[in-house]
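Welcome! Here is a short tour for anyone meeting this structure for the first time. Take a look at the model, then read on.

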Amino acid sequence: MDLLEVLGISPPAEDSAVCFELYDDSFVHGVSDTALQALGVRCMQLAMPHLEAYVWQHEPFSLRNSVTQPPAWHLKAKGKGKQQHDQALPCLWGAVRYGDNVEDEWFIVWLLLELTKQLPGISVRVWDDDGDFLLIEAAYTLPRWLKPETATNRVWLRAGGVHVIPQPSAKSPGLPPYPTIRDAIDILQSGRLATHQPRIGAAIQARLAGYPQKAWQQMQRVTTWLPRCLALLLREDPQMVSPAVNAFMTRQRREVQAAAKQSNFPTTNMATTLVTVNHCMYAQLHQVDFNPPSNWPQPAADWLGGNSARQAKAISMGAKIATGMEIMCLRLGLTGTTAAAMADQQQQQQQQQASEKNDQPGAIAAQQPVVPTAA
């Protein structure tokens, strides 16, 4: 459990998110909860080397178990009748809001394709609020019959490529005109039909050119002047900057007035801190004119070499992030130093996870990301 869950920040809704499901060939005929959990652990072990230096716009990539935590779209299908509910085979699933940062969405596509390369027999479907966005990206390579109204349950990632379930034809009259997920997995697993689509795959790979390095290049470290307890929190869990930026960008005047008291993150002890953000967050924060609260402590005159421009930028960025974090805590009903105490709890969790990390099996080979520091 990460600090986002400890603080009660809820998972995303289906809309405004990239959604995905992972199916294993062996799950078509039933699967135990233990086996599904084991697959989820293995997938995250493979993905983690690429995620450690990445800060997501809203929430991090994760996989959930549909048996113990069914996705909203399965519950909706259940209410529509047996035919739709039959499609709800056990799977791993996720839904990640990407907001203004579309690179989150494409980084997830790259991760999912990598998982299908490393884990034979895994099939993945992915979509967003626009539907099968992979088809939009590869629009000029599609067969004429493949349109949004005919694409349901037909487009899949498998073995590192894009696969499409074909329509019934003279050669294959027995194919279902409207395949269920079970139909699609059976066809992909059997290998009796040519489902691989190299031209569509090439268009997707062109969009993914440069990943995962491209994802890491979206990160930058910003010098900030922050309450020390908040600096500790962000050092232990860099992802916590995401809800802080989101809260700041959706702030109301009364919230800013309440946040100026900094009741959760006292300003009595300040620190210079490098905070990792993505380019989208940096642009959002940078474009907003915001005066720090009148009680915001000022650093020494020779701080940052006495460079007044760097000082002003660091103070402004720190005040925006701290205000956003305070607003987030106020929205969650946290008062006093409750949120600051979370930093100590998170630090203990991080230390425990670090000690357990050495016991994990090998993962996809990953280069060490280098995060640049903003001037």
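Arginine 158 stands opposite glycine 161 in strand β6. This is a predicted model, and that facing pair is a good place to begin a walk through its sheet. Strands β5 and β6 (residues 161-164) pair in the antiparallel sense over 4 bridges. The hairpin they form has 2 residues between the strands, and alanine 159 takes a positive phi near 50 degrees there.

Are the faces of β5 covered or open? Both faces of β5 (residues 155-158) are covered: Val155 and Leu157 are buried on one side, and Trp156 and Arg158 are buried on the other. A general point helps here: in a regular strand, side chains alternate between the two faces of the sheet.

β5 also has a partner in strand β4 (residues 122-127); these two run antiparallel and are joined by 2 bridges. Valine 124 has leucine 157 of β5 as its bridge partner.

Stepping back, how many strands make up the open sheet? There are 6 strands, in the order β2-β3-β1-β4-β5-β6, and the pairing is antiparallel. The edges are formed by β2 and β6, each of which pairs on one side only. In general, strands of a sheet pair through backbone hydrogen bonds, either parallel or antiparallel.

Now follow the sheet to β3 (residues 92-97). This strand is mostly covered, with 5 of its 6 residues buried. Strand β1 (residues 17-24) runs antiparallel to β3 and is joined to it by 6 bridges; phenylalanine 20 stands opposite glycine 94 of β3. Strand β2 (residues 64-65) pairs with β3 in the antiparallel sense over 2 bridges. Both residues named for β2 have a counterpart in β3: arginine 64 has tryptophan 93 as its bridge partner, while asparagine 65 stands opposite leucine 92.

Arginine 64 turns up again in another setting, since its charge is also placed against a ring. Arginine 64 lies over the face of tryptophan 93, at 5.2 Å from the ring centre. Elsewhere, arginine 251 lies over the face of phenylalanine 248, at 4.3 Å from the ring centre.Rings also meet other rings. A search of the whole structure finds 12 aromatic pairs, and the table shows two edge-to-face examples.

| Ring pair | Centre to centre | Angle between planes |
|---|---|---|
| Tryptophan 73 and tryptophan 127 | 5.1 Å | 80 degrees |
| Tryptophan 106 and phenylalanine 133 | 5.4 Å | 85 degrees |

The pair of tryptophan 73 and tryptophan 127 links distant parts of the chain: tryptophan 73 sits in helix α3 (residues 72-80) and tryptophan 127 in strand β4, 54 residues apart. Are these two rings buried or exposed? Tryptophan 73 has a relative accessibility of 11%, so it counts as buried. Tryptophan 127 is buried as well, with a relative accessible area of 12%.

For the other pair, tryptophan 106 belongs to helix α5 (residues 102-118) and phenylalanine 133 to helix α6 (residues 133-137), so the pair ties together parts that are 27 residues apart in sequence. Tryptophan 106 and phenylalanine 133 are both buried. Ring pairs also build a cluster from Tyr54, Trp56, Phe107, Trp110 and Tyr211.

Helix α5 has a helical neighbour too. Two packed helices are described by the angle between their axes and the distance between the axes. What are these values for helix α2 (residues 33-51) and α5? The two pack at an angle of about 135 degrees, with their axes 10 Å apart. Therefore α2 is oblique to α5. The crossing of α2 and α5 is right-handed.

One last stop in α5 is valine 102, which lies in this helix. With 34% relative accessibility, valine 102 counts as partly exposed. Valine 102 and glutamine 57 are 45 residues apart in sequence, and their C-alpha atoms are 9.2 Å apart in space.

Terms used: Residues are numbered from 1 along each chain as its sequence is written. This is a predicted model: local features need pLDDT of at least 70, side-chain atom pairs count only at pLDDT 80 or more; totals for chains, interfaces and linings use all residues. Side-chain values use heavy atoms; hydrogens and water are left out. Buried means under 20% relative accessible area, exposed over 50%, partly exposed in between (1.4 Å probe, protein chains only). Two strands pair if DSSP finds at least two bridges between them. Rings of Phe, Tyr and Trp (its six-membered ring) pair if their centres lie within 6.5 Å; planes under 30 degrees apart count as stacked, over 60 as edge-to-face and the rest as tilted. A charge sits over a ring if NZ of Lys or CZ of Arg is within 6 Å of the ring centre and within 35 degrees of the ring normal. Axes are lines fitted to C-alpha atoms, for helices over the stretch in contact, and angles run from 0 to 180 degrees between N-to-C directions. Angles under 35 degrees count as roughly parallel, over 145 as roughly antiparallel, 65 to 115 as roughly perpendicular and the rest as oblique. A crossing is left-handed if the near helix is turned anticlockwise from the far one by less than a right angle, and right-handed if clockwise.
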